[in-house]
Amino acid sequence: MTRTDFVYVCRPQLPEAEAIAAYIRQIDASRHYSNRGPLVRQLEERLAAGFDRPAHAVRTTSSGTSALEVAILAKAGLAGPDRPLALIPSFSFAATGLAIERCGYRAHFVDIDPDTWAVDPVALAAHPLLDQVGLIVAVAPYGVLPDMRALEALHLATGVPVVVDAAAAFEAVLDHPGQISASVPMSLSFHATKTFSTGEGGAVLWDDAAGQDMVQQVSNFGFFLSRECKVAGTNAKMSEYHAAVGLAMLDGFDARRRDYARVAALYTRAAELCDPGGRLLLPPRVSSAYALYEARDEAHFLHAERVLLDGKVETRRWYEDGQHTQPHFRASGADPLPVTDSLGRRLVGLPMAHDLAAQDVAWVVRLLRQASGAGPDAAEETAGGRATTPA
Ligand SMILES: *Cc1c(COP(=O)(O)O)cnc(C)c1O
């Protein structure tokens, strides 16, 4: 059994030059480089068709963070003096908190449910600070979509605009397009580390034609059908070059998903042969961009990170210990966050890639077993013990 030298936590592979070339030639011919050119429109139409939704349901952006910003500006507008707070889960990537701040809100961090990883809409509807809250942002952590119907009900009950940072949830939406809402916009990221990528890019999914016109306006300096800046906006437009990459990526996406499913199955199989001593959270429960390991406690988590690194396996704390522990957000308000604190110190981001090798997956799982304090497996003994060394 041979292994590559080092197993990276994330090794993206976007379409190669030949796959993009035909689209780039269309740009050369049209001399249309940005501002909702033909390739951007084609990408939006193909994505909307893939979600089985009308074309207006998808508007692309320059990044996932800008998608969240423009969704907030289009749905809620800039923060006002009476309602300066945004309720947001701490359990997310720092982009969530930064996006709400760009729109003038101050973060108040809330906790999540330990099983669904989602904010609790019923608890938020009765939040003691609600009369100062101008925005609620829910998150799809690791691509796990929150219950959109419950968030629509939260919006209806409180009158507070709700937006979802669904950055990593591309596949979840493909599998459950009914989750696209007419009243709660969601943002996707097409960053290289996500499963569907344009290099940098994103989209707002929202089944509201007028709302999406506003997304378009906000994304283009507040202009709409004229060069007058009429609303608070920014430049969040996707270029034709990024759309070219996205179109080529879409051409190969079915095959890409099959490859990811194969790697997820390798993890499942490896864990059957060699008990890793903790739960693996794999696609399709999470986005195919992730494989996660849930350690028992912080000591086990730190030990597992160390054992994996010594075995030349890279890991990542994708959300660190939650946004509330990031230096920039330390002064922000927060509820007690026991679930976020616990998950942040127990979830190990494991290597995941569409072309991860079987022996690398087996090696990762074997190291996890070693870190869990269990002895070698029966299956391993009969196979002749450790087949590889970390060196
Ligand atoms: C990836 C990610 C983002 C940021 O998206 P970009 O495209 O990198 O701007 C925001 N939120 C979450 C939860 C993410 O996973």
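Which loop does Pro-284 lie in? This legend set starts there, and the model it describes is predicted.

**View 1. A cis bond at Pro-284.**
Pro-284 lies in the loop between β8 and β9. The peptide bond from Pro-283 to Pro-284 is cis. Its omega is near 5°. Most peptide bonds are trans. Pro-284 appears again in View 3, at the second largest pocket.

**View 2. The largest pocket.**
The largest pocket has a volume of about 400 Å³. A set of 24 residues lines this pocket. Closest to its centre are Phe-93, Ala-95, Ala-167, Ser-189 and Lys-194. Two elements, α3 (64-75) and α4 (95-102), each give two or more residues to the lining. Helix α3 gives the most, with 3 residues. By class, the lining of the largest pocket holds 12 nonpolar, 8 polar and 4 charged residues.

**View 3. The second largest pocket.**
This pocket holds about 330 Å³ of space. Its lining is made of 19 residues. Those closest to the centre are Glu-171, Ala-172, Asp-175, Pro-284 and Arg-285. The elements giving two or more residues to this lining are α7 and α10 (253-273). Helix α10 supplies the largest share, 4 residues. The lining of the second largest pocket divides into 10 nonpolar, 5 polar and 4 charged residues.

**View 4. The largest cavity.**
The structure holds 2 cavities of 30 Å³ or more. The largest cavity contains about 110 Å³ of space. It is lined by 17 residues. Nearest its centre lie Pro-12, Gln-13, Ala-192, Lys-194 and Tyr-260. The lining of the largest cavity has 9 nonpolar, 5 polar and 3 charged residues. Look for Lys-194 in View 2 too, where it is among the residues closest to the centre of the largest pocket.

**View 5. The second largest cavity.**
The volume here is about 60 Å³. Aromatic names to find in the lining include Phe-91, Tyr-142, Trp-318 and Tyr-319. Arg-317 and Glu-320 also line this cavity. So do Gly-322, Leu-343, Gly-344 and Leu-347. Sorted by class, the lining of the second largest cavity has 6 nonpolar, 2 polar and 2 charged residues.

**View 6. An open sheet of 3 strands.**
The strands stand in the order β8-β9-β11, and their pairing is antiparallel. The edge strands are β8 (279-281) and β11 (347-350). Each edge strand pairs on one side only. On average, neighbouring strands of this sheet are turned by 30° against each other, direction ignored. Strand β8 pairs with β9 (residues 291-294) over 3 bridges. Leu-280 stands opposite Tyr-293 in β9. In a regular strand the side chains alternate between the two faces of the sheet.

**View 7. A parallel pair, β2 and β3.**
Strand β2 (residues 85-89) and β3 run parallel, joined by 5 bridges. Leu-87 has His-108 in β3 as its bridge partner. Strand β3 (residues 106-110) is mostly covered, with 4 of its 5 residues buried.

**View 8. Helix α9, mostly covered.**
Helix α9 (residues 240-251) has 12 residues. It reaches 16 Å from its first C-alpha to its last, close to the 16 Å expected at 1.5 Å a residue. Of its 12 residues, 9 are buried. Among them are Glu-240, Val-245, Gly-246, Leu-247 and Met-249. Ala-243, Ala-244, Ala-248 and Leu-250 are also buried. An α-helix has 3.6 residues a turn, so residues three or four places apart point the same way.

**View 9. Ser-181, a buried loop residue.**
Ser-181 is found in the loop between α7 (170-175) and β6 (186-189). Is this residue buried or exposed? Ser-181 is buried, because its relative accessible area is 0%, and buried means under 20%. Met-148 is 33 residues away along the chain, yet the C-alpha atoms of Ser-181 and Met-148 are separated by 7.1 Å.

**View 10. Positive phi at Asn-35 and Lys-312.**
Most residues other than glycine have a negative phi. Asn-35 has a positive phi, near 55°. Asn-35 sits in the loop between α1 (17-30) and α2 (38-50). With 47% relative accessibility, Asn-35 counts as partly exposed. Lys-312 also has a positive phi, about 60°, although it is not a glycine. Its place is in the loop between α11 (298-310) and β10 (333-334). At 35% relative accessibility, Lys-312 counts as partly exposed.

Technical notes:
Residues numbered from 1 in each chain as written. Predicted model: local features only at pLDDT ≥ 70, side-chain atom pairs only at ≥ 80, totals over all residues. Heavy atoms only, no water. 1 Å grid on protein atoms, 1.4 Å probe; cavity = no way out; pocket = protein on both sides within 12 Å on 5 of 7 lines; lining within 4 Å. Points joined across faces, edges and corners; volume = space filled by probe spheres on them. Nonpolar A, V, L, I, M, F, W, Y, C, P; charged D, E, K, R; others polar. Pairing = 2+ DSSP bridges. Axes fitted to C-alpha atoms, helices over the stretch in contact; angles between N-to-C directions. Expected span 1.5 Å × (residues − 1). Buried < 20%, exposed > 50% of the residue type's maximum accessible area, 1.4 Å probe, protein only.
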